[in-house]
Amino acid sequence: MNEKLVKILEAARNNPKVKEKFLETRNAEDPMEEFCKVATDMGYEMTVGELFAIGEEYSSNLLKSCNGGAVYPMDEWSDWYEDFFISLNFN
């Protein structure tokens with residue numbers, strides 16, 4: 001998980017009010033945009049584009065490794081936004 005998301009996750013795990021704010025974003029008309037607003041209000045500037053780019057960057061790095069990269073096709077792309085909430089709920 002991206003370093004910024006890890007910090008946000010730690011903050012949410014350690015503060016029930018912050019955790020609730022992030023969980024409430026799931027009910028917004030535009031959940032990802034609302035997630036980014038809450039994160040930015042906490043001091044972690046975040047955009048929806050950045051959320052999408054996190055998973056893409058990770059997968060791209062796997063394929064362009066200095067050791068030759070992955071030689072198999074990617075079965076799926078990771079969704080770091082969903083992974084955040086899965087990790088948050090394991091607390």
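Where does Asn2 lie? In this predicted model, Asn2 belongs to the segment before α1. With a relative accessibility of 22%, Asn2 counts as partly exposed, because buried residues must fall under 20%. Although Asn2 and Leu51 are 49 residues apart along the chain, their C-alpha atoms are separated by 9.3 Å. This pair makes a convenient starting point for a walk through the chain.

The overall architecture is quickly told. The secondary structure consists of five helices and zero strands, and reading along the sequence gives the pattern α-α-α-α-α. The chain has 91 residues, of which 26% count as buried.

Two of the buried positions help to show how parts of the chain that are separated in sequence are placed in space. Leu9 is found in helix α1, and a relative accessibility of 7% puts Leu9 in the buried class. Between the C-alpha atoms of Leu9 and Ser87 the separation is 7.8 Å, while the two residues are 78 residues apart along the chain. Phe22, for its part, sits in helix α2. Its relative accessibility is 0%, so Phe22 counts as buried, the cut-off being under 20%. From Phe22 to Leu88 the C-alpha distance is 9.4 Å, with their positions 66 residues apart in sequence.

Phe22 also leads into the aromatic side chains. Seven aromatic pairs were counted in the model. One of them joins Phe35 and Phe84 in an edge-to-face arrangement, with 5.0 Å from centre to centre and 80° between the planes. This pair links distant parts of the chain, since Phe35 is in helix α3 and Phe84 in helix α5, 49 residues apart. Both Phe35 and Phe84 are buried. The two rings take part in one aromatic cluster, formed by Phe22, Phe35, Tyr81, Phe84 and Phe85. The buried Phe22 of 0% relative accessibility is thus a member of the cluster that also holds the Phe35 and Phe84 rings.

Attention now turns to the charged side chains. A search of the whole structure returned three salt bridges. One of these is formed by Lys7 and Glu3, whose closest N and O atoms are 3.5 Å apart. Lys7 and Glu3 share helix α1 (residues 3-14), where they are four residues apart, or about one turn of the helix. Lys7 is partly exposed at 39% relative accessibility, whereas Glu3, at 57%, counts as exposed because that value passes the 50% cut-off.

Helix α1 contributes to another bridge as well. The side chains of Lys4 and Glu50 meet at 3.0 Å, N to O. Here the connection is between distant parts of the chain, with Glu50 in helix α4 (residues 48-63) and Lys4 in helix α1, 46 residues apart. The two partners are both partly exposed: Glu50 has a relative accessibility of 24%, and Lys4 has a relative accessible area of 23%.

A further salt bridge brings together the side chains of Arg26 and Glu82, at 3.2 Å from N to O. Arg26 is located in the loop between α2 and α3, and Glu82 in helix α5 (residues 80-89), so this bridge ties together parts that are 56 residues apart in sequence. Arg26 counts as partly exposed at 34% relative accessibility, and Glu82, with a relative accessible area of 30%, is partly exposed too. Helix α5 therefore supplies Glu82 to the bridge with the α2–α3 loop, and helix α5 also carries Phe84 of the edge-to-face pair with helix α3.

Other acidic side chains gather on the surface. Which residues make up the patch of negative charge? The patch consists of Glu29, Asp30, Glu33, Glu34 and Asp41. Among these, Asp30 lies in the loop between α2 (16-25) and α3 (31-41). Why does Asp30 count as partly exposed? The relative accessible area of Asp30 is 42%, and the partly exposed class runs between the 20% and 50% cut-offs. The loop between α2 and α3 thus holds both Asp30 of the negative patch and Arg26, the partner of Glu82.

Terms used. Residues are numbered from 1 along each chain as its sequence is written. This is a predicted model: local features need pLDDT of at least 70, side-chain atom pairs count only at pLDDT 80 or more; totals for chains, interfaces and linings use all residues. Side-chain values use heavy atoms; hydrogens and water are left out. Patches are made of residues with over 30% relative accessible area and no salt bridge: like charges are joined within 9 Å, nonpolar side chains (Val, Leu, Ile, Met, Phe, Trp, Tyr) within 5 Å. Accessible areas come from the Shrake-Rupley method with a 1.4 Å probe; for residues, only the protein chains shown count as cover. A salt bridge is a side-chain nitrogen of Lys or Arg within 4 Å of a carboxyl oxygen of Asp or Glu. Lys and Arg count as positive and Asp and Glu as negative; His and the chain ends are not counted. The place of a charge is taken as NZ of Lys, CZ of Arg, CG of Asp or CD of Glu. Helices (H or I, at least four residues) and strands (E, at least two) are DSSP runs, numbered from the N terminus. Buried means under 20% relative accessible area, exposed over 50%, partly exposed in between (1.4 Å probe, protein chains only). Rings of Phe, Tyr and Trp (its six-membered ring) pair if their centres lie within 6.5 Å; planes under 30 degrees apart count as stacked, over 60 as edge-to-face and the rest as tilted.
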